[in-house]
Amino acid sequence: MSFDPEILRKQFPILKREVNNRSLVYFDNAATTQKPRIVLDRLIRYYENENSNIHRGAHFLSSQATEAYEQARKTIQHYINARHYHEVIFTRGTTEAINLVADSFSQKFLKGGDEILISAMEHHANIVPWQMACERHQATLKVIPMKPDGTLDMDGFEKLLNQRTKLVAVTHVSNALGTINPVKEIIKTAHLQNVPVLIDGAQATPHMAVDVQDLDCDFYCFSGHKMYGPMGVGVLYGKEALLNEMPPWQGGGEMISSVSFSKTTYNDLPFKFEAGTPNVADVLGMETAILFLQETGLGKIAAHEKELVGYIIDRLKQMDNIRFIGEARERSAVVSFIFNDIHPYDTGTILDKLGIAVRTGHHCAQPIMTYFNIPGTVRVSFAAYNTKEEIDVLMNGLSTVRDMFG
Ligand code: C6P
């Protein structure tokens, strides 16, 4: 069946609403996507019919909820093609997944004089946890340089990789630039020196199929809420051998095997890393979002978003005083720009008055803004339900902005 965003839009109740007396135009999908009716229904169904704590009770509801939760893990295992079901760890999101690895991996493997390699285009969630880990273990954080078009300097990367490097952590897709990084190549190069690689997939999983075995990444992190699922849930994929070597991160709940005051033994994967009552409802909502993505077709979504990106770039190029931030050939559904003579915050505020939601500012990637010597960007980020007509509305809004600032 062909892809029709207008039909798809009907599945998203929020898209019908008005903001400031205008039909909402939602272009802040990299921050979070809207949720289709089936995801909302799944959350309600869970709380109305299935709500129970899992892995604990012998009663009917508890075993039903446990089964549903563990089935969701299998759905996600197959979705990202993990070799083992227990390599899928549920977290609160990408940020928590990275923090888990930064803490636990570093505790086991990082010591004074070692190096962690990140890139110049990381989100703060893939910078700060590594800074904290390096500080704790007297290690050094090194940064793969970026080029003016917003792509990584791969020669620079190879030069930085050495025997002291204990881990490489890079984003699959930049949230501020839209750049799709050559992660497979990065992983292959790092592995030649036996260095494991963590991929921040927060901005990749809503737009492309991810096969962790094909990538051969050691860790892959993503968030449910950026891929049409609920907030507060995400995934850490990790290779079994590494996860087994790493110490537990938080204590309590299902992560124990036995507890006494003198000694506690830990549970096996994946439970070793899932302390406390899990977020069952949102895990089920995320599973439903994945079924939605599969049903809609990631290939069709990607093709549609590519068309939107091409269209908006052509239109924006016709505007005065515009500067694109991030011009990689391989790019996702993000377009960042700035008017040289207008602060991005002013642009965003006027667009908001017109019912158009874009994100302005540093997008939690301040080093990128420093690199380009700008206060921030105006970021338009697309999802499957966006249309060219909405881009036309945005372009009218941007003309209003230009008229107001002369
Ligand atoms: N970026 C944006 O507007 P959480 O908050 O844990 O779901 O995701 C954090 C995160 C990590 N990596 C990348 C590449 C991201 O884009 C994000 C979230 C949002 O760009 C909110 S700052």
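Here are three short exercises on salt bridges and nonpolar cores in the structure above, each with a worked solution.

This is a predicted model, in which local features need pLDDT of at least 70 and side-chain atom pairs count only at pLDDT 80 or more, while totals for chains, interfaces and linings use all residues. Residues are numbered from 1 along each chain as its sequence is written, and side-chain values use heavy atoms, with hydrogens and water left out.

**Exercise 1. A pair within one helix**

Find the partner of Glu70 in a salt bridge (a side-chain nitrogen of Lys or Arg within 4 Å of a carboxyl oxygen of Asp or Glu), and say where the two residues lie.

*Solution.* Start with the distance: the closest N and O atoms of Glu70 and Arg73 are 2.8 Å apart, which makes a salt bridge. Next, place the pair: both residues belong to helix α3 (residues 60-80) and sit 3 residues apart, about one turn of the helix. Helices here are DSSP runs of H or I with at least four residues, numbered from the N terminus. Finally, check the accessibility: Glu70 and Arg73 are both buried, where buried means under 20% relative accessible area, exposed over 50% and partly exposed in between, with a 1.4 Å probe and protein chains only. By the salt-bridge rule, the count comes to 18.

**Exercise 2. Pairs between helices**

Work out which helices are linked by Arg136 with Asp103, and by Arg315 with Asp392.

*Solution.* Take Arg136 and Asp103 to begin with: their side chains meet in a salt bridge at 3.4 Å, N to O. This pair links distant parts of the chain, with Arg136 in helix α5 (residues 128-137) and Asp103 in helix α4 (residues 94-109), 33 residues apart. Arg136 is partly exposed at 43% relative accessible area, and Asp103 is partly exposed at 26%.

Now for Arg315: a salt bridge joins this residue to Asp392, the closest N and O atoms being 2.7 Å apart. Arg315 lies in helix α11 (residues 298-317) and Asp392 in helix α14 (residues 388-405), so the pair ties together parts 77 residues apart in sequence.

**Exercise 3. The largest nonpolar core**

Describe the largest nonpolar core, a set of buried Ala, Val, Leu, Ile, Met, Phe, Trp, Tyr and Cys residues joined through side-chain atoms within 4.5 Å.

*Solution.* Begin with the size: this core has 75 residues, and those with the most contacts inside it are Phe157, Val168, Tyr220, Tyr228 and Ile368. Then look for the main contributor: helix α10 (residues 280-296) supplies the largest share, 9 residues. Lastly, note a second, separate core of 28 residues, which includes Ile342, Ile350, Val378 and Met395.
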